Amino acid sequence: MPKTAAPRPRRRASRPDGPARRSARGLDDLNPAQRAAVCHLDGPLLVLAGAGSGKTRVITRKIAYLIDVAGFEPRHVVAVTFTNKAAREMKARVAALLAGRDTTGLTVCTFHSLGLDILRRERALAGLKAGFSLLDEQDSDALLREILRHAGDDAAAGDARWAISRWKNDLVPPGAALSAAADPAEARHARLYADYERALRAYNAVDFDDLIVRPVALLRDHPEARERWQNRTRHLLVDECQDTNGAQYALVRLLVGARGMLTAVGDDDQSIYAWRGARPENLARLQQDLPGLEVVKLEQNYRSTGRILAAANALIANNAHLFEKRLWSDLGPGEPIRVVACRDEAHEAARIAGEILQRRHAKDGAFGECAILYRGNHQARPFEQALRELNVPYFLSGGTSFFSRGEVKDAMAYLRLLANPEDNAAFLRIVNVPRREIGPTTLEKLAAYASSRHVALLPACDEIGLSLAVEGRALERLRTFAGWIARHARLADADGAAAALRALLREADYEGWLREQGAAAKAAERRWENVQELLSWVERMQRDGDGASLADVVARLTLQDVLERDDEEAGGDRVHLMTLHSAKGLEFANVWLAGMEEELLPHRASIEADTIEEERRLAYVGVTRARRNLVLTFAEKRRRFGELLSCEPSRFLRELPQDTLRWEGGGADTNPETRLERGRAGLATLRSLLGGD
Ligand code: ATP
Ligand code: MG
């Protein structure tokens, strides 16, 4: 890679994956089935295989093969996956494989950023104006709350958003949702959906689901755009295909078109997004929808030791199966899987943190090779605390609520308004932050005027006719505010988003306002630091040339892509803390799977809804992240909803082959034999319940 003078070394921190060029050509480190999958260029291909069998490796090798051997131009190759982290990892591997080659135009990203890219390039056809805003889930909730308030409806915004999101992901428009509504509650949500869509259009905004849904509509309705994108996407590669929802599947179909150049890889046993509308049946649907689809199965697992794999296989055998798969490993049996009983969540966290430190001291595991996985983000805090106490560096994936902090949302709202004067949600958020004495009555009058004129709130402030609706000081304040925003929008165009935001916050004395909020001085300081952090991200994005326009900067910040990458690459050797959902596709030498308890994993909601199978797949994903060492922990008591409750070990522990496990007690019942007995008894009970032997 050529040395550049610009200081951007962290962006290219890739993991070398062997002697790159030779491997890309030679394919000598692939097994025959993998090689067949890489070389298959005659039509659509599905690689259907269990965890750790090299599906992602097939994808990365194939990208390199397409460009390096098959003569594809990088800009004609598009690879998508689900999480930012997975996309980054894939990009790094490909960069290493194609080291020295110009890969300009190659797309390796998440479904959502591909959608955003399509919308940006086809903005006018998609019915969007320049600088359109991207609303995150909280913004969507806020917008829905606003609509509900207007309608005098007391429905919960969160429930409505879920319902709307499901419809969108199944490509059901508001009208169809309403006519198919099964009961009054659903009809109410459907009507809300229509209002919500209208509001989004009025605000020149899209939500996360729209990043897929609107490109689908665009490509479906505009043949010339479809042709453009099909021409560009000469080969589409999709990782984790089992987690595509209806809209994503439609997008794949539209991009692939009749040419059918698709390589999809997936594992139905790792489908963990049914709750977000994922349809693992899409794997089977591919077979019907793409004539000539070749299916390749991979059976050798290269990741995990024999015991870990045996445990994973036994666990998932309890689920019904769409496809039959086998998985074996020749890495030897390895260490037993340890099952550790802990007294409570603090003990569990302290114990895991201690073990990580011990491993490190014994030179048996870099921090970066250790991961603590759990079911829900709320479980992270004790681990953070315990790791901090031992000075163990860690990186918390996802769940970073940076963007949900009030001060960050304020600054983002300012940025959004600078980019898109029609973003009413952003306008309403900051019109009185800091206080400008623009009262609710004034805002109501402004809103009524704006809607009668079919314009957004900020542009309405500048209209002459507004003086008939709002008078005197109130009118003056609105106009001053609008003028001030417009001035900074021009500044953003001239000097960049960071400079404009910095000037804006300074002039508004936002820092002083934070201090006035009554919070302790220390808290205000921290909040101001968060704003500074956001500013430095914006600056860095501009410097790196990633976010050319203000709108790009805002959209990418909302997708959190930058934030996560930055966080991750800042620290080097750090323990990974993440939910099972975000661990998909990753691997670590040492994995601690915490909170193996009934009502946590499987989650209580799933027990109640009888969707245990999805929880079992989650556990399967967790177990199969480990290469060498796997530790499963559970607490005998856990604080939940403010109360210390007794917990029962997860049924999944009993489903594991007991000869792969070593039970260790930390709580009252420390005798491993007793535990083993208990485990066997549990297994027997379960079998009899299931009508087995
Ligand atoms: P998951 O289902 O968890 O996403 P996967 O099927 O995508 O797993 P990969 O992550 O591609 O599997 O591969 C798992 C591990 O096995 C990686 O460390 C990869 O480098 C290694 N691996 C894959 N194929 C081979 C091979 N033919 N020879 C040696 N190592 C391999
Ligand atoms: Mg993978």
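A residue counts as lying around a ligand if one of its heavy atoms is within 4 Å of that ligand. All views below show a predicted model.

**Figure 1. Overview of the chain.** The predicted chain contains 31 helices and 17 strands. Of its 693 residues, 56% are buried. The accessible surface amounts to about 29,800 Å², and carbon and sulfur atoms account for 50% of that area. Where contacts link residues at least 6 apart in sequence, 77% of them join residues at least 24 apart.

**Figure 2. The shell of residues around ligand 1.** Nineteen residues surround the ligand, and those that come nearest are K55, R57, Q270, E587 and R625. By residue class, the shell consists of three nonpolar, nine polar and seven charged residues. Helix 3, which spans residues 55-68, is the element that gives the most to this shell, with three residues. Ligand 1 lies between domain 1 (19-122 + 212-298) and domain 3 (306-398 + 570-690), because both domains give residues to the shell.

**Figure 3. Polar contacts of ligand 1.** A polar side-chain atom of R625 is placed 2.7 Å from an oxygen atom of the ligand. The side chain of R303 also has an N or O atom 2.8 Å from an oxygen atom of ligand 1. At D29 the partner is a polar backbone atom, which lies 3.1 Å from a nitrogen atom of ligand 1. On its own, ligand 1 has 630 Å² of accessible area, and the protein covers 87% of this.

**Figure 4. The surroundings of H488 in helix 21.** H488 belongs to helix 21, which runs over residues 472-495. The relative accessible area of H488 is 2%, and the residue is therefore classed as buried, the cut-off being under 20%. Beyond its neighbours within four places in sequence, H488 is in contact with L418, A500, A503, L504 and E507.

**Figure 5. The surroundings of P174 in helix 8.** P174 is located in helix 8, comprising residues 174-179. When residues up to four places away in sequence are set aside, P174 touches A190, Y193, A194 and E197. The view also includes R191, which is 17 residues from P174 in sequence. The C-alpha atoms of P174 and R191 are 7.2 Å apart in space.

Definitions and conventions:
Residues numbered from 1 in each chain as written. Chains lettered and ligands numbered in written order. Predicted model: local features only at pLDDT ≥ 70, side-chain atom pairs only at ≥ 80, totals over all residues. Heavy atoms only, no water. Helix = DSSP H or I, 4+ residues; strand = E, 2+ residues; numbered from the N terminus. Buried < 20%, exposed > 50% of the residue type's maximum accessible area, 1.4 Å probe, protein only. Contact = heavy atoms within 4.5 Å. Polar contact = N/O pair within 3.5 Å; in protein donor to acceptor, adjacent residues only side chain to side chain. Areas by Shrake-Rupley, 256 points an atom, 1.4 Å probe, with all protein chains shown as cover. Nonpolar A, V, L, I, M, F, W, Y, C, P; charged D, E, K, R; others polar. Domains from an automatic or database assignment.
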